[in-house]
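Here are my notes after a look through the model you sent. I've kept them as numbered points so you can follow along with the structure open.

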Amino acid sequence: MVTIDMEQPEGRKEGLRRMLTIRLFDETAEKRFLDGDIPGFVHPYIGEEAVAVGAIGALEPDDYITSTHRGHGHCLAKGLDPERMMAELYGKREGYCKGKGGSMHIADVDAGMLGANGIVGAGPPLATGAAFSIQYDDRDQVALAFCGDGGIAQGQVHEAINMAATWDLPVVYVVENNQYGEGTPVEKQHNVENLSDTAHAYDIPGFTIDGMDVTAVYEAVAEARDRADAGDGPTLIEAKTYRYRGHFVGDEEEYRTDEEVEGWQREDDPIETFKQRLVDRDELTDEEFEQLREEIATAVDEAVEHAREAPTPEPDEAYEDMFAQPAPEIQHFAAQFRADGGERGDDR
Amino acid sequence: MTAHAELETEATDRMTVREAINQALREELERDEDVFVMGEDVGVMGGVLGVTDGLLEEFGEKRIVDSPISEAGLAGLGTGAAATGTRPVIEIMFSDFLGVAAEQIINQMAKMRYMFGGKIEMPVTVRTTEGGGMGAASQHSGTIHTWIAHFPGLKAVAPGTPAAAKGLLKSSIRSNDPVFFFENKMIYEDSGEVPVDEEFTIPIGEASVERAGDDVTVVATQRLVGESLDVADDLEGDVDVEVIDLRSLYPLDTDTIVSSLEKTGRLVVADESPLSYGTHAEIATRAMEEGFFSLDAPVQRVGTPDTHIPFSPPLEEEVLPSGADVENAINRIV
Ligand SMILES: Cc1ncc(C[n+]2csc(CCOP(=O)(O)OP(=O)(O)O)c2C)c(N)n1
Ligand SMILES: [Mg+2]
């Protein structure tokens, strides 16, 4: 059973709901970051919703994914709880990583979500490892790696694809070509016209698809998943999409024009076009859509309220989770920090 | 502060660490046509932390090169280019990403000269930023310089003041050896007086006594230099603290440390890297080997307690060493 059955009206509505959840979650995260509520970095997924929802929708719920630094969309599409995600963004103990990871490291291994990742290009080898253990145990799963247009310039991505191709591992690589890696446009980072051309080098199928169209993404990944599951190896899919916001919240975006951004938003918005399609097919009314929006907005606001109120971790928790079998050094150094009853942290 | 060459002027300007680094790059690009700067978003964006701001406009795309996101390629290209007549300054955005670049650094950049019987020069500089304090979590906050300093064939510097940043970066670029230049991201806005003479450089391998004192020596690096100086001010009247900015991790200025120890008899080493098998251990060992009979108390280490840097502010604050920890360490031995 796929995660979201986009062949059915109910599934399509669910797809729309998840895309809208991503948008509203990230619009809110952006605001709370600008307020100074959320520390660290936030990389919004706004504009790219169709890629995460289409791709993850076509997976089975217990399939694995690896994500990127821009991971909120992948998490929400995979069904992670906005409340625990927001708590993680706020650095709270109830967050998915007990506040240790933050926006860039949200993970929920039980849900098959092997982590957002602060290292560009690190996800594909990890997904390849998950695919290896699936093949090793003869399990009925696949792994899917998201990777950016910038990320596919990393050598380790290519090493992983070559291994998967050679060993027919059950993995799907989805390159989210949002036209930029930070401030550098894709054509200044790659010589190929389409990033899926790389597939030729490994003699695996490669497709470039419209990443603003959730159905197109869904169909391409469904086919790739079938292939992986049948033992026929990996597929490389490039989804052309667009990042509406800066690379991170606060990016001055001097490398592109407002007209460029507005053009994509006006003509290709993945949520607006999909919603319109459902309305045209009488599967949804404008009122229902507004109602959906309100429901989600309320849920996101509640997640923020909850995150604000949730307890922060105790400083001592910093020493936990390093090892399964703790190393005594860490406790020794921790104790030394507080030796002589000295105060800590007051001059920082 | 020591200067290499005869300077025409003793004048200084007040500037931040960020400005000092930018100025050093600018001056060396101007001075030597072979110098080029390459890295991710160093050009159009001027660097994610703004350090290379304005260089593209001044020196053009040939010399300020925005690269794909390919740290292994950058390290290898820098190595190959340095071996063949140019003088690359490679930026690795965050020092954690040196993990991606490791092969070319460890097996090529560090070893080529020696393996080839000294037949090539390796004039490559690798600039990278490290340190916690920004809520950037474990993959963007590490202090990994010990790893480079430990590896034979690589030099490593880690300035604590704007003047040291400028003088050492200029020396790194002029050096015919591979030098890693570690910038702490929390001190980019710290300001201080910096010599304006374009021939001002600081020799690699020289520490600097930033504040003289008789009771205890604090050897500090990067952010902890400034914080230790503040502690020294606070303790004035009670404890007379000498603060040394180590500046060079390798080669390490044992003489300056031991001379100070001979005067004070007590040593605190403050460096943000993890404590085990670290920079602290190297300094403590040299103090023991060369200054054993001057030591009146056990050497104290201030560093990160062998954890990664967590995201949540109270957790991050817990594991990051600070001035308060330097003060506690001083109090333990005076
Ligand atoms: C190994 C590594 N190099 C550099 C970075 C800094 N960095 C973070 S995101 C990013 C751009 C990534 O571009 P892309 O893969 O296209 O993903 P996008 O941000 O567009 O989603 C860079 C260079 C990093 N996090 N990891
Ligand atoms: Mg991109």
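**Notes on the predicted model**

1. Let's start in chain B, bearing in mind that this is a predicted model. Leu229(B) sits in helix α8 of chain B, which covers residues 223-235. Setting aside residues up to four places away in sequence, Leu229(B) touches Glu210(B), Arg211(B) and Val243(B). If you want a distance to check on screen, try Leu229(B) to Glu242(B): they are 13 residues apart in sequence, and their C-alpha atoms are 8.6 Å apart.

2. Now the metal. Which protein residues act as donors to the magnesium ion (ligand 2)? They are Asp149(A) through OD, Asn178(A) through OD1 and Tyr180(A) through its O atom, at 2.0 to 2.1 Å from the ion. Along the chain, these donors follow the spacing D-x28-N-x1-Y. Asp149(A) and Tyr180(A) link distant parts of the chain, 31 residues apart. Asp149(A) is in the loop between β2 (143-148) and α6 (155-166) of chain A, while Tyr180(A) belongs to strand β4 (residues 180-181). Buried or exposed, these two? Both Asp149(A) and Tyr180(A) are buried.

3. On to ligand 1, which lies between chains A and B. It is surrounded by 22 residues, and the closest are His69(A), Arg70(A), Gly118(A), Asn178(A) and Glu71(B). Asn178(A) is also one of the magnesium donors from the previous point.

4. The polar contacts of ligand 1 are worth a click. A polar side-chain atom of Glu71(B) is 2.5 Å from a nitrogen atom of the ligand. From chain A, polar backbone atoms come in: one of Gly118(A) lies 2.7 Å from a ligand nitrogen, and one of Val120(A) lies 3.0 Å from a ligand nitrogen. How much of ligand 1 does the protein bury? Taken alone, the ligand exposes 580 Å², and the protein buries 97% of that.

5. His69(A) deserves its own entry, as one of the closest residues to ligand 1. It is found in the loop between β1 (64-66) and α3 (72-77) of chain A. Why does His69(A) count as buried? Its relative accessible area is 17%, and buried means under 20%. Beyond its neighbours within four places in sequence, His69(A) is in contact with His43(A), Met104(A), Asn117(A), Val120(A) and His247(A).

6. Last, have a look at helix α2 of chain A, residues 49-57. This helix is mostly covered, with 9 of its 9 residues buried. Among them are Glu49(A), Val51(A), Val53(A) and Ile56(A).

Technical notes
Residues numbered from 1 in each chain as written. Chains lettered and ligands numbered in written order. Predicted model: local features only at pLDDT ≥ 70, side-chain atom pairs only at ≥ 80, totals over all residues. Heavy atoms only, no water. Donors = N, O, S within 2.8 Å, 3.2 Å for Na, K, Ca; no water. Helix = DSSP H or I, 4+ residues; strand = E, 2+ residues; numbered from the N terminus. Buried < 20%, exposed > 50% of the residue type's maximum accessible area, 1.4 Å probe, protein only. Contact = heavy atoms within 4.5 Å. Near = heavy atom within 4 Å. Polar contact = N/O pair within 3.5 Å; in protein donor to acceptor, adjacent residues only side chain to side chain. Areas by Shrake-Rupley, 256 points an atom, 1.4 Å probe, with all protein chains shown as cover.
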